[in-house]
Structure formats: C-alpha cells, structure tokens
Amino acid sequence: MEYGYVRVSTKEQNEQRQMIALREFGIEEKRIFMDKQSGKDFERAKYKKLLRKIKSGDTLVVKSIDRLGRNYDEILEQWRIITKDKQVAIVVLDMPLLDTRQNRDLTGTLIADIVLQLLSYVAQTEREFIRQRQAEGIAAAKAQGVQFGRRPMVRPMSFPFLKEQWKQNRISARAAAKQLGITHSTFLRWVNEDNG
C-alpha cells in the first residue's frame, strides 16, 4: 500500500504544492495524511496515525525530506523508524536518490542512508547559518543606532500633576492612568522611573 504525508508549518501556508505532487505520483486522497504545524517536534496527530497504519512492505511518499521534520537528529530517527523498524520504503519526490524501493540491497541502503545524513546535515546547518546571520544583522543594526521594539511613549503634560495627586492619595493610580489614557502598569512604571 502507498501512503503520502504532507506537512505545512503554519495554518497560513498552503499545502497544495505537496498534495498535487503526491496525487501525480498516484497516491489516493484517502491515503494522504496531513498536519498543519511546526516540524520542530513530532507531536503531530496525523503523523502518529500514519505511523500506526503503515506496515512492512508499504511505501511512504513525501515531497521533500524536511516534511519529516526540521531537526537533523529527528529526521534521521524517523527515517530509521520507518525504514528499519517498520520496514516501509520511503520515496522523497524532490530527491530521487532517496527512494528506498529500488536497490534494497546493502549498497542501495547504504547510499540512501549517506545521502539522507548529508541532506539532513546541510538543512540543519543552513538553519543555523540563517539564525547566526540574523543575530549578526541585529547586532550590526544596534551598533549603528537602530532602535528595535516599540518607541517609548511620550508622557502627557498632565502626568506630573496627576502623579502628585496620586502621591497625596487624592486619586488612585487607576484613575490617574485612565485620565492619561494609559494602562495602570504604565502609570506606576513612570512613577517608579521618576523616583529611580
């Protein structure tokens, strides 16, 4: 039996590209399992259901290897579970070398395992480079004086008067904040900043 698995990272992402590829391969719609959530973990209901369903001699088809997950160790672990424990063939449509239906002998298995490890390593390394470049970009921007986050609020001219009223217990902090059009916590933070 042939099954397909589709994963998109967020609810907003479109799964159609993966669905079309699986249908063109010949997977029936009722045998395609789909999750809409991050690949950072494997707490995915449809994926777990798929793992319970597949059995020795079946084939699992995915569009790309990162549909199994984004973490090098997890991808390798899922590959091992599917191909070794379950004895299910895997077809990765974007990478014909990762088709374990052919050459199920020792050499074919070795080549598929080496290619898988290399691709998983490259994918994780690229994600780490992206995070590193992002952090370096933020640091460089900060060094040039670029401000991140929300701009500080300008205190209304009536703040000093209301702060004094509050100190003399003539008005509550909540009432003062309401008159200033700010939150209670912002009013108290401004008071503390002035005292600090």
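A nonpolar core is a set of buried Ala, Val, Leu, Ile, Met, Phe, Trp, Tyr and Cys residues joined through side-chain atoms within 4.5 Å. The structure described here is a predicted model.

## Nonpolar cores

The largest nonpolar core holds 22 residues, of which Ile65, Trp79 and Ile82 touch the most other members. Two or more residues each are given to this core by strand 1 (2-8), helix 2 (45-53), strand 3 (59-62), helix 3 (72-85), strand 4 (89-92) and helix 4 (106-143). Helix 3 supplies the largest share, namely 4 residues. Apart from this core lies another, of 11 residues, including Phe159, Ile171, Ala177 and Leu180.

The surroundings of Ile82 can be listed in detail. When its neighbours within four places in sequence are left aside, Ile82 is in contact with Tyr47, Leu51, Ile54, Leu60, Leu68, Gln87, Val88 and Ile90. Two of these contacts, Leu60 and Ile90, recur in the sheet: Leu60 stands opposite Ile90 in strand 4.

## The sheet and the helices across it

Four strands form an open sheet in the order 2-1-3-4, and their pairing is parallel. Strand 2 (32-36) and strand 4 each have a single partner strand, so one side of each of these edge strands is left without a neighbour in the sheet. On average, neighbouring strands are turned by 20 degrees against each other, direction ignored. The parallel pairing of strand 3 with strand 4 extends over 4 bridges.

Helix 1 (residues 16-25) lies across strand 1, strand 2, strand 3 and strand 4, and runs at about 170 degrees to strand 1. Helix 2 lies across strand 1, strand 2 and strand 3, with an angle of about 150 degrees to strand 2.

## Aromatic pairs

The whole structure contains 5 aromatic pairs. One of them is formed by Tyr3 and Phe33; this pair is tilted, with 6.2 Å centre to centre and 55 degrees between the planes. Because Tyr3 lies in strand 1 and Phe33 in strand 2, the pair ties together parts that are 30 residues apart in sequence. Tyr3 counts as buried at 4% relative accessibility, and Phe33 counts as buried at 7%.

Tyr5 and Tyr47 form an edge-to-face pair, with 5.1 Å centre to centre and 70 degrees between the planes. This pair links distant parts of the chain, since Tyr5 belongs to strand 1 and Tyr47 to helix 2, 42 residues apart. Both Tyr5 and Tyr47 are buried. Elsewhere, Phe159, Trp166, Phe187 and Trp190 form one aromatic cluster.

## Salt bridges

The count of salt bridges comes to 12. The table lists some of them.

| Residue | Partner | Closest N and O atoms |
|---|---|---|
| Asp58 | Lys55 | 4.0 Å |
| Arg80 | Asp85 | 2.9 Å |
| Asp99 | Arg101 | 2.7 Å |

The partners can be described by their accessibility. Asp58 has a relative accessible area of 3% and is therefore buried, the limit being under 20%. Its partner Lys55 is partly exposed, at 49% relative accessibility. Arg80 is likewise partly exposed, with a relative accessible area of 34%. In the bridge between Asp99 and Arg101, Asp99 is buried at 14% relative accessibility, whereas Arg101 is partly exposed at 33%. In addition, salt bridges that share partners join Glu28, Lys30 and Arg31 into one network.

Conventions
Residues are numbered from 1 along each chain as its sequence is written. This is a predicted model: local features need pLDDT of at least 70, side-chain atom pairs count only at pLDDT 80 or more; totals for chains, interfaces and linings use all residues. Side-chain values use heavy atoms; hydrogens and water are left out. A salt bridge is a side-chain nitrogen of Lys or Arg within 4 Å of a carboxyl oxygen of Asp or Glu. Buried means under 20% relative accessible area, exposed over 50%, partly exposed in between (1.4 Å probe, protein chains only). Contact means heavy atoms within 4.5 Å. Two strands pair if DSSP finds at least two bridges between them. Axes are lines fitted to C-alpha atoms, for helices over the stretch in contact, and angles run from 0 to 180 degrees between N-to-C directions. Rings of Phe, Tyr and Trp (its six-membered ring) pair if their centres lie within 6.5 Å; planes under 30 degrees apart count as stacked, over 60 as edge-to-face and the rest as tilted.
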